[in-house]
Amino acid sequence: MSELALFIVRMSLLAVLWIFIFSIISVIRADLFGQKVLTRVAEANAPQVVSSPIAPSAPGQPSVPLVSEPTGSNATKLVITEGDRTGHQIKLDRRELTIGRSDDSDLVVDDEYASTHHAKLVLINNDWLIQDLNSTNGTYLDGGRVGTPAVVKLNTSVRVGKTVFELRA
Amino acid sequence: MTNLFGTTAPNAANLPRIMRVVPRSRNLEGALLLLAVGLNAFQLAQIQLSTIEVLTPEFFLYWLPLSFLALVLHAILRLRASEADPLILPIAVVLNGLGLSMIYRLDLATIANGGSELFGFKQVIWTSLAMAAAAAIVIYVPSHLFLRRYVYLSMLIGAVLLLSPMLPVIGKTINGARLWLSIGGLTFQPGELAKIALTIFFAGYLVNRRESLAVVGRKILGIRIPRARELGPIVMIWAASLLVLILQRDLGTSLLYFGIFIVLIYVATGRSIYVIVGMGMFLTGALVASRLMDYVSGRIDSWLNPFSQQNYDAVGGSYQLAQGIFGMAHGGIQGTGLGGGIPQLVPLAESDFIFASLAEELGLVGVFAILTLYLLLVARGIRIGFSHPDDFSKLLATGLAFSIALQCFIVIGGVTRVVPLTGLTTPLLAAGGSSLIANWIIIGLLLRISDSARLGSSTGENSRGGAA
C-alpha cells in the first residue's frame, strides 16, 4: 500500500479506538443524565397521587413552619451521611421504609447500637414521618430523641445507632 | 414490603420504567459490541495488508471466534442477567481483540523470519475457553453470594494453587521465576487463578472481621494506631507474600496478593492507617529481600540503570527492558501503525512485553486509549461494588476490579520503568491461557455481581414503585 494510504489507515484505527472510548464515556454520562430525567418524571407524577394538599404538623413538633414545603413530594431519596454505608442512597417512593438490623429491613443498619426493628419512615399526608419502634438506643432527629412520630424535613439528620441519614430532594 | 432480594416480585413487571431500562442497557451493550468487533476486524485487516499485503482467509480464524463468542455472551446476558453492567463486556472484548491482533502480527513477523514458535492460534483457543468460562459463570452461578459459603474452601484452593509450582515434578521455573505448572507440554500459571480464590477469601474473611478491625477509634480523625493484635492478620498475609517472594522469586505476584488484601482492609474499615502500615511493611520486606537475594537486587539494578552496558549485556539483565523502551520511543506519538514497526525485537514481545509492542505500533495515542479502557473497566468494577448494598459483594467486586488495576500497574509500570520489572501478565492483552481464563472469570463474576447490584441499588425504583 502507498505511504498515504497506510497513514490514513493508521490514523483511522486510532480514531475508531477513541470513538469506542468516547461512546463508552457518553453511555456513562447518559446514565447519570438519564437518572435525572427519571427523577423529574417521578416528581411530575407525584402530585397526581397526593392524598391531601394540607401538611399538618405532627404532635411534639410545633416548630414545623407552615411555609416549609411538605417533604413527601420533594424528598426523592434517602442519603446516608455517616456510618458504614456513607454515600449510599435509597430511592424513596410512597411506601413506608423500615430501618433496623434485621435483613428484611429496607435500610439495614449493621451495628450493635441499632435494634432489630429500629424505626420506620412513613409517608402520612404527604409528609415523611420517622417513627421509633421502641428501640433500645433511640432514634435522633436533628439531635433530639424521637418520642412520638415526627416530621422529617429535607436535609435534616436522622441518627439510628452509628448511622446518620437525611432525606433529600 | 419486599426486601433487597425479593426484587423480582411480579409487580416489577407492570412498571413501564423498568420495562424500558432493561433492554436499553442491553441494546447499548449490543451496539458497543458491534463497534468492538468491527474494531478488531479493522486491526486484523490492517495487519494483513501492511505485512503480507493481501487479505487471506486466516483473517476469519482470528476474527470470528472472539466476535461470535462476544455476541453469544451478549445473548446469554440478555436472558440470564439483563440488569448486568453494559460496558464491561465491550471493554473486555476490545482489550482481548487488541491483544489477539498484536499476537497475530508478531506471529506473522516470526513466520517471515523463519521462526516456528507461534502463539496466535493458541491464543484464539484460550480466548474461546476463557469466554466460555465467563459464560458458564453467568449461567450457572445463580448469585455471587453463593461464593460466600466457600470462603475457607477458597482460601485452601488459593493456597494450594499458589504453592503448586513448588511441587517437584510438575512445577517449572521459567525465566528465573517458579510460577508455572507443566503437565504434558502444557504450561499453566496457577497463581492467576489463585488471585480470584484469594480475593473471595479476603472478602469473606473481612466481612466477618470488619468490626474488630474497625472498631477502635474510627471516629477520632482516623489516625489512631491499631492495637497490635489487630495487625495480626496483616502480618500473616505479609509473611505469606514474602514467602511467595522467596520461594517463587517473583516480586510482582507477592505485591499483587498483598496489595489486594491491604486495599480490601481499607475498603472494609475505612482506615487509611492500614494502607500506610501495609505499604511500609511491604517496602521493608522488599528492601530486606533485595539485600539478601541476588534475583531481587538484580531486577532493581536493571530497573535503575537499564542502559548501563554491564546490565544490558548480562544474562537476565536489562536487555529486554531497554529494547522495550527503544520500541516505545520508535512508536512516538502516533505509532508506526499495526504491522509497521519492529516489536518482534523485544524478547517475549507477545506476553510480558505486549504493552511495549502495542505502544510501538499504536503510539502514545493508542497507549492512552488502552490505559483509558483499563481505567473504565476498573471504574465500572468499583462502581458495581459501591452500588451494592451488602458488604461481601462490595468487597468482592472492589477486590476483583482492583486486582486488574494493580496487575496493570505492576506490569505496565514494569515495562515503562516506573517500578522494577516483574513476571505478571497484562490482563486480557498478553498471550497466555491461565491469565486469559482468570481475567474472563473476573469479567464473568463482575457481570454476575452487577446484575444484582442494579436491583439492590435502586430498590425503590424496582421493587416498590409498582404499587405506587
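Which residue in S3(B) is the bridge partner of B:Leu181? Keep that one in mind; the tour gets to it at the sheet. One thing before you start clicking: this is a predicted model.

**Stop 1: all of chain B**

Select chain B and colour it by secondary structure. You should find 16 helices and three strands. Now switch to burial: of the 468 residues in chain B, 52% count as buried. If you like contact maps, look away from the diagonal, since residues 24 or more positions apart make up 72% of the chain B contacts with a separation of 6 or more.

**Stop 2: the sheet**

Next, select residues 171-174, 177-183 and 186-188 of chain B, which are S1, S2 and S3. These three strands make an open sheet, ordered S1-S2-S3, with antiparallel pairing. S1 and S3 of chain B are the edge strands, each pairing on one side only. Look along the sheet for its twist: on average, neighbouring strands are turned by 45° against each other, direction ignored.

Zoom in on the S1 side. S1(B) and S2(B) are held in register by three bridges, in the antiparallel sense. Show B:Gly171 and you will see B:Leu181 of S2(B) opposite. Step along to B:Lys172, and the residue opposite is B:Trp180 in S2(B).

Now swing round to the S3 side, where three bridges join S2(B) to S3(B), again antiparallel. Here is the reply to the opening question: B:Leu181 has B:Phe188 in S3(B) as its bridge partner. B:Leu181 therefore makes a good centre for the view, with general background in mind: strands of a sheet pair through backbone hydrogen bonds, either parallel or antiparallel.

**Stop 3: the H2/H3 pair**

Hide the sheet and select residues 58-80 and 88-112 of chain B, helices H2 and H3. Their axes come within 11 Å and cross at roughly 170°. Anything over 145 degrees counts as roughly antiparallel, so that is how H2(B) and H3(B) run.

Turn on side chains where they meet. From H2(B), show B:Tyr62, B:Leu66, B:Ala70, B:Leu73 and B:His74; across from them in H3(B) are B:Leu89, B:Val93, B:Asn96, B:Gly97, B:Leu100 and B:Tyr104. By class, this contact has eight nonpolar residues, three polar ones and no charged ones.

**Stop 4: helix H4**

Last, pick residues 120-140 of chain B. This is H4, with 21 residues, and it reaches 30 Å from first C-alpha to last, close to the expected 30 Å. Colour its buried residues, among them B:Trp126, B:Ala130, B:Ala134 and B:Val138. Why look for a stripe? An α-helix has 3.6 residues a turn, so residues three or four places apart point the same way.

Terms used: Residues are numbered from 1 along each chain as its sequence is written. Chains are lettered from A and ligands numbered from 1 in the order in which they are written. This is a predicted model: local features need pLDDT of at least 70, side-chain atom pairs count only at pLDDT 80 or more; totals for chains, interfaces and linings use all residues. Two strands pair if DSSP finds at least two bridges between them. Helices (H or I, at least four residues) and strands (E, at least two) are DSSP runs, numbered from the N terminus. Axes are lines fitted to C-alpha atoms, for helices over the stretch in contact, and angles run from 0 to 180 degrees between N-to-C directions. Angles under 35 degrees count as roughly parallel, over 145 as roughly antiparallel, 65 to 115 as roughly perpendicular and the rest as oblique. Two residues are in contact if their C-beta atoms, placed from the backbone, lie within 7 Å. Ala, Val, Leu, Ile, Met, Phe, Trp, Tyr, Cys and Pro count as nonpolar, Asp, Glu, Lys and Arg as charged, and the others, Gly among them, as polar. The expected span of a helix is 1.5 Å times one less than its number of residues. A residue is buried if 20 or more other C-beta atoms lie within 10 Å of its own, exposed if 12 or fewer, and partly exposed in between; C-beta atoms are placed from the backbone.
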